[in-house]
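Reader: I should like to learn how to read sheets, surface patches and helix burial in a model of this kind. Would you take me through them in turn?

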Amino acid sequence: MARDYSLLGPDAKRAVESGLAAAEWYHTDLPRKEMKALMQRADQPAIRDTFILFGCMVLFAGIGIALWPSWWSAPFWLAYGVLYGSAMDSRWHECSHGTAFKTRQYNDWLYQVACFCMIRNPVSWRWSHARHHTDTIIVGRDPEIAVMRPPALFRIFLNFFGIIDAWHGWGRMLYNASGRIHPEEADYIPESEQPKAIRVARIWTAIYAATILLALVTWSLLPLMVIGLPRLYGAWHHIMTGLMQHGGLADNVTDHRLNSRTVYINPISRFIYWNMNYHVEHHMYPMVPYHRLPELHEAIKHDLPAPNPSIWAAYAEMWPVLKRQLAYEDFFLKRELPASAKPYREDFHASALGAAAE
Amino acid sequence: MAWIDACATDEIDEEDLIRFDHDGKTFAIYHAPDGAFYCTDGLCTHEKVHLEDGLVMEYEIECPKHNATFDYRTGEALRAPACVNLNTYSVKIEAGRVMIEV
């Protein structure tokens, strides 16, 4: 049967009836003392990273503006764009968990900035991401499934340039600014929070209107190169890393080892992605801050499938699965566990697991 | 309402919590950094995840699933996705035992 990813459709109803929604998930055992130590918050790592991030953004945009409209400005815009349209994705994510900084206000400030850059309403997306963690890759429940089945490869390609996401983001911003909440948003945002989503959308609409007005008055693309367009020309990195998180793996299971992927990546990408390459670990223990994820990985890797050794290796693993899913959408990759791991609960997942490649 | 013997004071590390189940209900008992003890409902008001694996930071408890935060002294919800406060219960210490009134 074809999957229906709508949050109000038959798969959503089935997930609730079968107990897949809001289920108990598998966790690797870790002593409480060790877990407590890993969960401890700190301001220093994220303050350092935020200064580097904003410093580089000011520098690259400044050089881009100085060299504009020469093509010599292009590399600086590309670098600025990746920080605006991709690094802000990971900042949005970490701050939505409240784990980037120890000080709550710092989390909230960076969260608001990152949400603006990524065109993600800070209210709606906080709730959608909470649902993503409750019902990770549960069809009809998770509103953040990036690779659906069968995979819409052209949509994914367009999203490397931010086209679908930005179109949706700006569309939803205008929709919310008109005083309305979409029925799917209403499924996961409490009524008491909905006016906040509308207020933010109106503020953003005003900022975009001012930017467009400035571009028209100066008859220059430059204001939009700084605000708005980098969401398109800088999106590729967060799509590249984001697709690896769950692409080609199982859906409708309650064990993150089956539906999430950990990948070893280069240090620059890790800075941009804020260590979310440790994705099984993050889903299993979302309270562990990004800067402690490598330690968490060391502590529980005996119980997880082997990480992919590089981005290239992750795509080499994922691509054939996605191609196969075009014809047969129940196909997915089930990765082997090491001998030291607790086995997958086949009995529990039998109905969902279907035909897997190993 | 009755006072129930929940645990020994030394069963809970400072700035930590334990789970306590009684009569079909589940509670969270906290040992605050100032040495005081507190008790709330055990389940987060957002999606009923148990708080026992959460993180106690000074006088706040953070839910392990979605990072909702509460002041465990008052039960006040401090951070989304929780919007509803936790119920709190009176606590007293008698002969090294934590007693809760439920």
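The dialogue below treats a strand arrangement, a surface patch and a helix.

Author: Please bear in mind that this is a predicted model.

Reader: In what order do the three strands of the open sheet in chain B lie?

Author: One reads a sheet by following the pairing of its strands. Here the order is β1-β11-β10 in chain B, with antiparallel pairing. The edges are β1 (3–8) and β10 (91–94) of chain B, each of which pairs on one side only. From one strand to the next, the twist averages 35°.

Reader: How many bridges join β1(B) and β11 of chain B?

Author: Five bridges link β1(B) to β11 (residues 97–101) of chain B, in the antiparallel sense. Among the residues concerned, Cys7(B) has Val98(B) in β11(B) as its bridge partner.

Reader: Which residues form the nonpolar patch on the surface?

Author: The patch consists of Ile47(A), Phe51(A), Tyr106(A) and Trp109(A), which together have about 460 Å² of accessible area. At least two of the patch residues come from each of α3 (44–67) and α5 (104–118) of chain A.

Reader: Why does Phe51(A) count as exposed?

Author: A residue is called exposed when its relative accessible area is over 50%. Phe51(A), which lies in helix α3 of chain A, counts as exposed because its relative accessibility is 64%.

Reader: Is helix α13 of chain A mostly covered or mostly open?

Author: Helix α13 (residues 236–246) of chain A is mostly covered, with ten of its eleven residues buried. Among the buried residues are His237(A), Ile239(A), Leu243(A) and His246(A). After α13(A) comes Gly248(A), with a positive phi near 80°.

Definitions and conventions. Residues numbered from 1 in each chain as written. Chains lettered and ligands numbered in written order. Predicted model: local features only at pLDDT ≥ 70, side-chain atom pairs only at ≥ 80, totals over all residues. Heavy atoms only, no water. Pairing = 2+ DSSP bridges. Helix = DSSP H or I, 4+ residues; strand = E, 2+ residues; numbered from the N terminus. Axes fitted to C-alpha atoms, helices over the stretch in contact; angles between N-to-C directions. Patch = residues over 30% accessible without salt bridge, like charges linked within 9 Å, V, L, I, M, F, W, Y side chains within 5 Å. Areas by Shrake-Rupley, 256 points an atom, 1.4 Å probe, with all protein chains shown as cover. Salt bridge = Lys/Arg side-chain N within 4 Å of Asp/Glu carboxyl O. Buried < 20%, exposed > 50% of the residue type's maximum accessible area, 1.4 Å probe, protein only.
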